[in-house]
Amino acid sequence: MRPRIPTQLPPPFNQLPRYPILYHEPSPIHPLPTLSQISTRIPHADSSPRICIFAKREDQSSPLACAGNKYRKLEYLVPDIFSPTPTYHYHESHPTNQTLQGPATILVTEGALQSNHTVQVTALARKLGLKALVLLNRDTGSGYKTSSSPDHFAQLGNVQINKLLGAEIRMYNADDPEATDAQPVLEELRKSGQRPYWIPGGASLHHLGGLGYARAAFEIAEQESECRLGGSGLFDFIFVACGSGSTVAGLISGFKLVDSLRMGSGDNWPRGPRNIIGILNSPTRPRAYHEERVLRFARTAGQLIGLFNSEREITMDDVHLDDRFVGEGYGVIDDETRKALSMMAETEGILLDPVYTAKVAAGMMHWAQSEEMIKYAEKNRLGEVNVLFIHTGGQAALSAYFDRVV
Ligand SMILES: *Cc1c(COP(=O)(O)O)cnc(C)c1O
């Protein structure tokens, strides 16, 4: 049985409208005993801390198809989708472009061919009784180009599921104008009498996109006590994928607020910062590009949830992104990623996805055995370091990688 613990958000956070897409119960957190053992048994000094790894199963957070981190973000977008006067517009400079006469009739979004985000938008649309149109870019990353069978890559996995869910799919190449500007598509829909609502890739450029994971921070903070953690009593390190950025950004802002409230208050409240590490998965853009975005998204979410001084309260010191595990390209499985995928399957019986979470697992295992973590434990006098791996979903893409996973 999952514990029924209410997520108590403070005002004004608890007044922000949210439409439930996830299960009422928090997504589970459970230990990864074998992985913890592997990480602890290392040829370092005798004083090596015990590494206790847990997983938060965002891939089991919702009854809708292919549960993953985008549903949590979308919960905060639905009220805007249903509003006759939505606050989010395709271009800030053309706010009238999304003026809808009445609530949206179709959700439009974009992604790479094997995008998990588009599947979650489509499933949500269907659940809400709306249509979905997804724009898929064959040239985002190198998954398509490097596949031994690009035709299969463009039909299996999330593409098949998008079709099953009844999305209208349009595929583009990087040099097609639609790959960078969805405006003509939105115009076309309007002319045909539909009312499109545009959701940017990963929902991260949407000003409400960071709220879901700000709420997740409160959920995790509540679950920390149920996990009966040793050491600091907190998850000292939290590893999560960073793609479009609002997942890690939401967590950063949410934990800022958690800490500022000293939830649970009193002397029992454990001390010490949680280190939130975003593992990047694409070498396309430099780390600084992602850091700037994550900081911006974290501040935007911070403002909304009640960190009214978020410009001051959230700084670059809060943003930790690791670009050492990006591999050869977005959506390309290198040896390290493949190893992590197999290791998690063969030791814990858990499926990761080839694009995001396998790279996070590779990064986390590297960190768990690093000098840095040992030094952290020594500095904070911890015999035990608690590590949380956030499983953000995405396993449905596996079949598109049939030629490269096993
Ligand atoms: C989209 C996605 C991510 C990245 O989340 P962002 O908020 O875009 O950084 C991580 N894991 C999976 C499985 C995803 O689908």
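Which residues in α10 are buried? The figure legends below take up this helix and its surroundings in a predicted model.

**Figure 1. The whole protein, before we zoom in.** The predicted model contains 14 helices and 10 strands. Its radius of gyration is 21 Å, close to the 22 Å that the globule rule gives for 406 residues, so the protein is as compact as a globular protein of that length. Along the principal axes, the C-alpha atoms fill a box of roughly 70 × 50 × 40 Å. Of the 406 residues, 58% count as buried. If you look at contacts between residues at least 6 apart in sequence, 80% of them join residues at least 24 apart.

**Figure 2. The surface and its charges.** About 17100 Å² of the protein is exposed, and carbon and sulfur atoms supply 51% of that area. For those of you who think in charges, there are 40 positive and 44 negative side chains. The centres of these two sets lie 4 Å apart.

**Figure 3. Helix α10 and its buried residues.** Helix α10 runs over residues 287-305, 19 residues in total. From its first C-alpha to its last it reaches 27 Å, close to the 27 Å expected at 1.5 Å a residue. Here is the reply to our opening question: the buried residues of α10 are His290, Glu291, Arg293, Val294, Leu295, Phe297, Ala298, Arg299, Ala301, Gly302 and Ile305. A reminder for reading the view: an α-helix has 3.6 residues a turn, so residues three or four places apart point the same way. Just after α10 comes Gly306, which takes a positive phi of about 120°.

**Figure 4. What covers α10.** Several elements help to cover the buried residues of α10. The helices among them include α8 (211-226), α9 (246-261) and α11 (310-313). Strands take part too, including β7 (237-242), β8 (275-280) and β9 (320-322).

**Figure 5. Helix α8, one of the covering elements.** With 16 residues, α8 reaches 24 Å from its first C-alpha to its last, close to the 22 Å expected at 1.5 Å a residue. Of those 16 residues, 14 are buried, so α8 is largely enclosed by the rest of the structure. Just after α8, Arg228 takes a positive phi of about 45°.

**Figure 6. A close look at Ala288.** You will find Ala288 in helix α10. Is this residue buried or partly exposed? Ala288 is partly exposed, with a relative accessible area of 49%. Leu321 is 33 residues apart from Ala288 along the chain, and their C-alpha atoms are separated by 9.0 Å. Leu321 falls within β9 (320-322), one of the elements that cover the buried residues of α10.

Notes:
Residues numbered from 1 in each chain as written. Heavy atoms only, no water. Helix = DSSP H or I, 4+ residues; strand = E, 2+ residues; numbered from the N terminus. Rg over C-alpha atoms; globule rule 2.2 N^0.38 Å. Buried < 20%, exposed > 50% of the residue type's maximum accessible area, 1.4 Å probe, protein only. Contact = heavy atoms within 4.5 Å. Areas by Shrake-Rupley, 256 points an atom, 1.4 Å probe, with all protein chains shown as cover. Lys, Arg positive; Asp, Glu negative; His and termini not counted. Charge placed at Lys NZ, Arg CZ, Asp CG, Glu CD. Expected span 1.5 Å × (residues − 1).
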